[in-house]
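User: I've got a structure open here and I'd like to go through it with you, one question at a time. Can you walk me through it?

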Amino acid sequence: MISSNLASSFALENSKIFGIQKKLELNEGYQKTYKKMDELLPTLPRSFWLSNHGIRGSMLIDDHFNPRPTDIIVATSPKCGTTWLRALVFSIINRNSFDFNNHPLSKANPRDLVHFLEAHILGDRSTVSIDGLLSPRLLSTHLPYSLFPKCMTDDASSACRFVYICRDPKDVLVSKWHFANKLRPKELPPLPLEEAFELFSNGVSHYGPFWDHVLGYWKASVEWPKKVLCLKYEDVKEPSGCVRKVAEFLGVPFSPEEEKKWIVEEIVKLCSFESLSNQDVNKSDTRSRENPMSNSDFFRKGEVGDWVNHLSPQMSQILDKITEQKFQGTGFSFH
Ligand code: PAP
């Protein structure tokens, strides 16, 4: 499945997001990858709904990204808590570098502090800036686990670790639908919820099917618990447990001294919806032709269970049924 098949309004969202590319000279290695992309794109296996940009980003990672054992990759299916998790992991691993009263998260959106791996390599048409980052590198991705090169995924001792977050698909759909309508060109009518539901429940969503995305990371986390950590957005209600779990997974657990100084609670407060959404940098509406998303677009309600205000009982039953069937026997559930 590639985006040319994605005759939906979700495709518009993506073309808006990734529409801008710098025109740069390509070296020989990159020219080869681009040629390979042009040949491969029409023949790719139909397992995930990726845009051309997603596929190109994934191929560039395959050919040019040099993973390091210390790399930390925040992985999400869109609208599952990317902003929250980026902020949490950034503040956990940098907790000794910044004062909580004068923190980078009060001046920059989490997406400006954590490089979006595939978009960055594609936008730069080079890994130079990613290669130049100091270790441990904190990167972010929407790509499914199975689309990373085997050297990054197959073995617990191999390069990099993934911290994944997923969310009840009913809330994901509602969040995606609001986001798609925000970014939709004014000349088009709003995307009806029924249409968004139909597409999503049939697996047609960015980086979807949603359920397969979750399963890829979940199964890897069961097989290689030291390599992949799976979290749920619903943990937003119990964030301190989540913060401790991430720190332990990353090999930087909180010391008794840090616990006494309430560092976990500082991080929870700093990364909360209330705190981040009220920072000036995240309040302004800065959408433009060149930058089609503003920071404020990533903050709506930040609640668990907002789907009850939007989905019909029938829609919610259908999504629950799909979820039950997809996750049966896997040990995973959203409850
Ligand atoms: P992305 O995958 O496109 O980058 P992502 O950050 O996952 O987006 O999704 C935004 C959702 O996370 C929004 O959910 P909602 O539409 O249901 O409200 C947004 O409100 C929520 N969100 C953003 N920041 C936080 C936060 N700090 N804590 C909890 N939820 C948050």
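Analyst: Sure, and one definition to start: helices are DSSP runs of H or I with at least four residues, numbered from the N terminus. Keep in mind that this is a predicted model.

User: Okay, then which helices each supply at least two residues of the shell around the ligand?

Analyst: Residues are in the shell if one of their heavy atoms lies within 4 Å of the ligand. Two helices each supply at least two such residues: helix 4 (82-93) and helix 15 (273-277).

User: And where does the largest share of that shell come from?

Analyst: The largest share is three residues. The element that supplies them is helix 4.

User: Which residues come nearest to the ligand?

Analyst: There are 21 residues around the ligand. By class, they split into ten nonpolar, seven polar and four charged residues. The ones that come nearest are Lys79, Thr82, Thr83, Ser175 and Tyr233.

User: What about the backbone: how far is a polar backbone atom of Gly81 from an oxygen atom of the ligand?

Analyst: Gly81 has some company here, since a backbone N or O atom of Lys301 lies 2.7 Å from a ligand oxygen. Gly302 also places a backbone N or O atom 2.7 Å from an oxygen of the ligand. For Gly81, the distance is 2.8 Å.

User: How much of the ligand does the protein bury?

Analyst: Start with the ligand taken alone, which exposes 640 Å². Of that area, the protein buries 96%.

User: Back to helix 4. At what angle do helix 4 and helix 14 pack?

Analyst: Helix 14 covers residues 263-271, and its axis is 9 Å from that of helix 4. The crossing of the two is right-handed. They pack at an angle of about 145 degrees.

User: Which residues of helix 14 make that contact?

Analyst: From helix 4, the contact uses Trp84, Ala87, Leu88, Ser91 and Ile92. By class, the contact has seven nonpolar residues, one polar and no charged ones. On the helix 14 side, the residues are Ile267, Leu270 and Cys271.

User: Now the loops. Which peptide bond is cis with omega near -5 degrees?

Analyst: Most peptide bonds are trans. Look at Pro136, in the loop between helix 7 (128-131) and strand 3 (138-141). The cis bond with omega near -5 degrees runs from Ser135 to Pro136.

User: What is omega for the cis bond from Gly208 to Pro209?

Analyst: Pro209 sits in the loop between helix 10 (193-201) and helix 11 (210-223). The bond leading into Pro209 from Gly208 is cis, with omega near 5 degrees.

User: Tyr207 has a positive phi; what is its value?

Analyst: Most residues other than glycine have a negative phi. Arg125, in the loop between helix 6 (117-124) and helix 7, has a positive phi near 50 degrees. Tyr207 is in the loop between helix 10 and helix 11, and its phi is about 65 degrees.

How values were computed: Residues numbered from 1 in each chain as written. Predicted model: local features only at pLDDT ≥ 70, side-chain atom pairs only at ≥ 80, totals over all residues. Heavy atoms only, no water. Polar contact = N/O pair within 3.5 Å; in protein donor to acceptor, adjacent residues only side chain to side chain. Areas by Shrake-Rupley, 256 points an atom, 1.4 Å probe, with all protein chains shown as cover. Nonpolar A, V, L, I, M, F, W, Y, C, P; charged D, E, K, R; others polar. Axes fitted to C-alpha atoms, helices over the stretch in contact; angles between N-to-C directions. Left-handed = near helix turned anticlockwise from the far one by under 90°. Contact = heavy atoms within 4.5 Å.
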